[in-house]
Amino acid sequence: MKATDIASSNSKPTAPHRIYAVIKERIIDGTYHPGQRLTEQSFADEFDASRTPAREAIRQLASEGYVVFRPNSGAVVRSWSETELLEIFRLRARLEADICGSAARHITAEQIDRLCVIQDAIELGGTDNSEANTTRVSRLNREFHDLIGLASLQVRMVSVLAKAIEVPVVHRTFRSYSPQQMQRSFSQHRELIDAFRAHDPDWAVAIMRCHIHAAKNAVLHPEVPAAAGSLP
């Protein structure tokens, strides 16, 4: 067998995951909007693959709730009702608060330093709520929260949380924020870091609950602005 044949055969099993990862990221970042049709052929053409890995990728996304199949339309990006989003945010508030409390007990100095570096990067663009900056901030925000999960040492709970928050609109929370709401989120991250430095679980839990409920209201009630006097 030629080296090129080996490379080709080794790459085939990864094709569905490669296509899956790209589609998922595009749904999360808003490139593909709710209700948009996704066709196997378009992804097969884009990735220079057959329709089979594209089909597998779309089916995987459907099993995770990103995509639904509709009669006469095929696969489309899923939309979420207010009731579903409310349930997700309530679950996040409970799980992520508990994870935060555990992180406060176990987090290392190196992990705290890393949180500071990530937060510095988050705030690099200030409270600019343009598409480019909110996309950048959302990615870094995910990294910030993932590190807290790692520090908690609660592997199973973090796994359950990951299933609960893998929803595009939740990841795009910053796009719903006004500059004031962004600043409030930044301040809450900074206070979380202070709670971790103090290794104070109760403080960390309280801040995370406030953080998640603030995000919930920004997404579900974007017409209600943050109070000017509520910010430091």
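The legends below describe an overview and several close-up views of a predicted model.

**View 1. Overall make-up of the protein chain, with 11 helices and 3 strands.** From the N terminus on, the elements follow one another as α-α-β-α-α-β-β-α-α-α-α-α-α-α. The protein chain has 232 residues, and 42% of them count as buried. Its accessible surface is about 12,200 Å², with 53% of that area belonging to carbon and sulfur atoms. When contacts between residues at least 6 apart in sequence are taken together, 74% of them join residues at least 24 apart.

**View 2. The open sheet of 3 strands, in the order S1-S3-S2.** The pairing in this sheet is antiparallel. S1 and S2 stand at the edges, and because each has a single partner strand, one side of each is left without a neighbour in the sheet. Strands of a sheet pair through backbone hydrogen bonds, either parallel or antiparallel. Strand S1 covers residues 37-38 and strand S3 covers residues 74-77; the two are joined over 2 bridges. At this junction Leu38 stands opposite Ala75 in S3.

**View 3. The hairpin formed by S2 and S3.** Strand S2 spans residues 67-70 and pairs with S3 in the antiparallel sense over 4 bridges. Val67 of this pairing stands opposite Val77 in S3. Arg70 has Gly74 in S3 as its bridge partner. Between the two strands lie 3 residues, and Asn72 in the turn has a positive phi of about 70°. In a regular strand the side chains alternate between the two faces of the sheet.

**View 4. The aromatic pair of Tyr32 and Phe43.** A search of the whole structure finds 1 aromatic pair. Tyr32 and Phe43 form this pair in an edge-to-face arrangement, at 6.2 Å centre to centre and with 65° between the planes. The pair links distant parts of the chain, 11 residues apart: Tyr32 lies in the loop between helix H2 (15-28) and S1, while Phe43 belongs to helix H3 (residues 40-46). Tyr32 has a relative accessible area of 11% and therefore counts as buried, the cut-off being under 20%. Phe43 is also buried, with a relative accessible area of 2%.

**View 5. Helix H10 and the elements that cover its buried residues.** Helix H10 runs over residues 179-197, which makes 19 residues. From its first C-alpha to its last H10 reaches 27 Å, close to the 27 Å expected at 1.5 Å a residue. The buried residues of H10 include Met182, Phe186, Leu192, Ile193 and Phe196. Gln181, Ser185, Gln188, His189 and Ala195 of H10 are buried as well. The cover over these buried residues includes helix H5 (82-106) and helix H6 (109-122). Helix H7 (131-152) and helix H11 (201-220) also contribute to that cover.

**View 6. The loop between H10 and H11, where Ala198 lies.** Ala198 is partly exposed, as its relative accessible area is 45%. Ala198 and Arg105 are 93 residues apart in sequence, and their C-alpha atoms are 9.3 Å apart in space. His199, just after H10, takes a positive phi of about 50°.

**View 7. Two cysteines, Cys100 and Cys210.** The structure holds 0 disulfides. A disulfide is a covalent bond between the sulfur atoms of two cysteines. Cys100 has 0% relative accessibility and so counts as buried. Cys210, with a relative accessible area of 45%, is partly exposed.

Technical notes: Residues are numbered from 1 along each chain as its sequence is written. This is a predicted model: local features need pLDDT of at least 70, side-chain atom pairs count only at pLDDT 80 or more; totals for chains, interfaces and linings use all residues. Side-chain values use heavy atoms; hydrogens and water are left out. The expected span of a helix is 1.5 Å times one less than its number of residues. Buried means under 20% relative accessible area, exposed over 50%, partly exposed in between (1.4 Å probe, protein chains only). Contact means heavy atoms within 4.5 Å. Two strands pair if DSSP finds at least two bridges between them. Accessible areas come from the Shrake-Rupley method with a 1.4 Å probe; for residues, only the protein chains shown count as cover. A disulfide is a pair of cysteine sulfur atoms within 2.5 Å. Rings of Phe, Tyr and Trp (its six-membered ring) pair if their centres lie within 6.5 Å; planes under 30 degrees apart count as stacked, over 60 as edge-to-face and the rest as tilted.
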